[in-house]
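Work through the following exercises with the sequence and the model open. Each task is followed by a solution in steps.

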Amino acid sequence: MSEVTIYIDGQEYRVPANTNLVDVAKFYADNDIPVFCYHPKMAPVGMCRMCLVKMGSVEKNRETGEVVTDENGNPKIRWFPKLQTACTQTVYDGLAIITNSEEVQVARDDIIEFILTSHPLDCPICDKGGECPLQNLTMRHGPGQSVFYYEDKMHLDKHVPLGELIYLDRERCIQCARCTRFCDELVGDDVLAFHERGRRLQIVTISDPPFDTKFSGNTTDICPVGALTTADFRFGARPWELKEVPSLDPYGPEGANISLSTRLDRDAGGRIVIKRVMPRQNEYVNEIWISDKTRFGHHHTRSDERLTKPLIRQNGQLAEASWEEAYQVITDRLRAAKSLGVIAGPNQSNEDLWELKQLASHVENHHLGVFPATMSGGDIVNTVGVGVGTNFLDLKKGDVIVVVASDLEEEAPIWYLRTKVARDRGVKLVLLNARPTKLSKYAKYNLTYAYGDAVSAINSLISAVIGAGKINDEILSRVDGYDELAKSVKKPAYTNFTEAAEAIGDAQNMIVLAGSEGLTLAQQRELMQACANLLIVTGHVGRPNNGLIPVWHGANIQGAYDLGFTAEATEAIYQESLDVVLVAGCNPVGEVVEAEALQNANFVVVTSLFETETTAIADVVLPRQSFAERDGTFTSGERRVQRFYTAQGVIGESLPDWRIFAEIHYRLGGPKPKLSAGAVMAEINKAVPSYAEMRYKKLAEMPRQFPDVGGEDLYYGGTAYQNRGGIGQQTPTVAEDPEARLSVRPVEAMTPKFDGLVVIPTTLLYDRGVLFRRSTLMHQRIPAPHIVINPEDAEAQGITDGDTVAIVVEGHRYEVQVKIDKTLPRGAVLMPRRLSNRPDPSVPTVLESIEKIVQPVPVTEG
């Protein structure tokens, strides 16, 4: 980026051209120009006028272009006749501003006075007090007394729910429009608007249900006053009482950085508890945003239903026992075991997984499985995953993002948001799905395929790329198998992909996000290889902002694959009769029908936070700690290894999983347990080449980020927190080694043939999973069990929208509501996972029967 010379308060600075003036002044000159409406992540609007500065341009000789100077040798500046808004100005060569003159100070004082004419003076009881931009700027610029009459003060409603999560105090609102602009411009959810005019201007929700967006909590962060507050923190604590602890989202594959606001709490018996979850800035990962699931889904960490002591089955019943008793029972069975299967849950840390792997190695015949077992191809990701240094923010006009077999908003909302915003910057979005999703309206190319045919769609795209002559010849010199691949895609199943193929071939950068909707595990594995083929032949591998991102269903599935766990092993565990099965931090029996086979296992050990359907069949249940009670690391889908830190006190006698596995291994003759999670990671550093540089100290490095948010000037970026826990490090891919050979191969479409309607399991962000359902505040957002069906298929079955039906799938009967969707392809019935109290199918399967349940008509007297 080219640089220009500007002058701030007489001081010369070299800064990037065409950058926002407020951003430049803060980052390069340490000059905090006060703002209310401006936010560095949104387009400027110049509404509040708080950022007024004296502005001018350096005079230049028209003939020579040289700067004209005065008698003292200083540049002559031609000043504008009136003050200008800094937030609407981008820098250019010769720009000059003054931010500290009396004229500027008077203007800022006047703006504050106008804002305070109807603003309540309730700072001592306001949730924003202590971290309020208006409070801070009033102390700096407020006039002390007002020329306005107190009797003219406007009185508006103080407790207005904008839905069940966010409350509005209309008296505090200063009409900066940050909240409405965030929802509309960034997220694409037009759910808030202004109502009425003048001093009666108010924020209202215009969606049904109210404030219907998955990012509503972010509006409370960027609100520069106490107008918007969250339901679970409102009047819960004072900001200066809170200690901020860096952590990570325990749910999604994006690795969103969060800050856990904690304090000693009387209601929790004097223990340290989480009072709220806030975003933590990481411009490589989630910038300063988090989803509402991440923000409000932490209540499981201190649930009264948490397991507190080990349980051992005695006389058919689980009874409390000591840790030594539990260890003894387990080690006795493992010593005699000839076969062992372990299933690692989606938020097992890398340290947990390592110690679990070491324990499993004690039994020669062992399987290392991961749950949920819906996706494969971890080795492919380590070959052609996105390059080190990848950042969605660096994608520019003409670059391409491909999303295949994924409803990104539901499965990975942060990637959805970053993809949508990248599209707004001019990035071309190629969407390959069997049905429309929310991203469809933003896609440049909507490429539709039949369910189960995702591999054929990617093959067709490769065929179109070859046909358009868009193959990267330079990379072919290090690629094996290209000729066989080119022959295999000569007859594409889809022939309308030419324009998308040309865009891909012309793109400097391309990222592919691959999911699993509508695919069996074997099909999904082939899809990952097909995506790798596309990336390799077009040369979009081995460098930043190019490569594959898997849309895993969990926080650390990538880490599990990196350490040797696979979904194929999980399938094998379901199918084999093993001596011992160890289930770590998940509930397969309660979530997928295939896992019911575990009920026939000879001996089952489960680590869990809660009693579940899986603990109900266990012989030993061990209480594990949540992510908030321990240290550890997760590896995101972008292969970024990041740390989370201990935030709150331990529940009961629970232990971190890595410690549990290490203690068992020790009693079987293994090494003495490490003293900390950091010591476990040090062992991983030595044993796993791709993790050699993932040392805790390196993961905790905190470079300065742009924009510089989270400082004392909260009016600039809101209350998102500066990153004090580290931005993490990405593991390198094979493709980044210029000497490495890359391979492509033909992939098999394997499109299954079903008779009748096919049930397609789908993922929703809000579900009744073991952890999330403990956040009762979110229950209104969790839909009732339902299916989604095409109107023609519904008519053929004699059902209509809103009916209650009984369906039979894989021998299981479910009572669900019917939702009609005319955009859904015929023959497909969507069935969201984890909404009922019964296990669901994990892969597409036949709908065995569907029957309408006739509700009895109430009888009224008279």
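Two strands count as paired if DSSP finds at least two bridges between them; strands (E, at least two residues) and helices (H or I, at least four residues) are DSSP runs, numbered from the N terminus. This is a predicted model, in which local features need pLDDT of at least 70 and side-chain atom pairs count only at pLDDT 80 or more, while totals for chains, interfaces and linings use all residues. Residues are numbered from 1 along each chain as its sequence is written, and side-chain values use heavy atoms, with hydrogens and water left out.

**Exercise 1. Strand β13 and its partners**

Task: Find which residue in β14 stands opposite aspartate 265, and describe the surroundings of β13 (residues 257-265).

Solution:
1. Strand β14 covers residues 271-279 and runs antiparallel to β13, joined to it by eight bridges.
2. Within this pairing, aspartate 265 stands opposite arginine 271.
3. Five residues separate the two strands of this hairpin, and glycine 269 in the turn has a positive phi of about 75 degrees.
4. Strand β12 (residues 243-248) is also antiparallel to β13, with six bridges; serine 247 has isoleucine 258 as its bridge partner there.
5. Seven of the nine residues of β13 are buried, where buried means under 20% relative accessible area, exposed over 50% and partly exposed in between (1.4 Å probe, protein chains only).

**Exercise 2. Aromatic rings**

Task: Classify the pair of phenylalanine 27 and tyrosine 28, then that of tyrosine 766 and phenylalanine 772.

Solution:
1. A ring pair is described by the distance of the centres and the angle of the planes.
2. Rings of Phe, Tyr and Trp (its six-membered ring) pair if their centres lie within 6.5 Å; planes under 30 degrees apart are stacked, over 60 edge-to-face, and the rest tilted.
3. The structure holds nine such pairs. In one of them, phenylalanine 27 and tyrosine 28 are 5.3 Å apart centre to centre with 70 degrees between the planes, an edge-to-face arrangement.
4. Tyrosine 766 and phenylalanine 772 have ring centres 5.8 Å apart and planes at 10 degrees, so this pair is stacked.
5. Phenylalanine 27 is buried at 19% relative accessible area, whereas tyrosine 28 is partly exposed at 36%. Both tyrosine 766 and phenylalanine 772 are buried.
6. Phe27 and Tyr28 belong to one aromatic cluster with Phe706.
7. A charge sits over a ring if NZ of Lys or CZ of Arg is within 6 Å of the ring centre and within 35 degrees of the ring normal. Arginine 704 lies over the face of phenylalanine 27, 3.8 Å from the ring centre, and lysine 293 over that of phenylalanine 772 at 5.1 Å.

**Exercise 3. Two packed helices**

Task: How are helices α4 and α11 oriented to each other?

Solution:
1. Axes are lines fitted to C-alpha atoms, for helices over the stretch in contact, and angles run from 0 to 180 degrees between N-to-C directions.
2. The axes of α4 (residues 178-187) and α11 (residues 413-424) are 9 Å apart, at an angle of about 75 degrees.
3. Angles under 35 degrees count as roughly parallel, over 145 as roughly antiparallel, 65 to 115 as roughly perpendicular and the rest as oblique; α4 and α11 are therefore roughly perpendicular.
4. Contact means heavy atoms within 4.5 Å. The α4 residues Asp184, Glu185, Leu186 and Val187 meet Tyr416, Leu417, Lys420, Val421 and Asp424 of α11.
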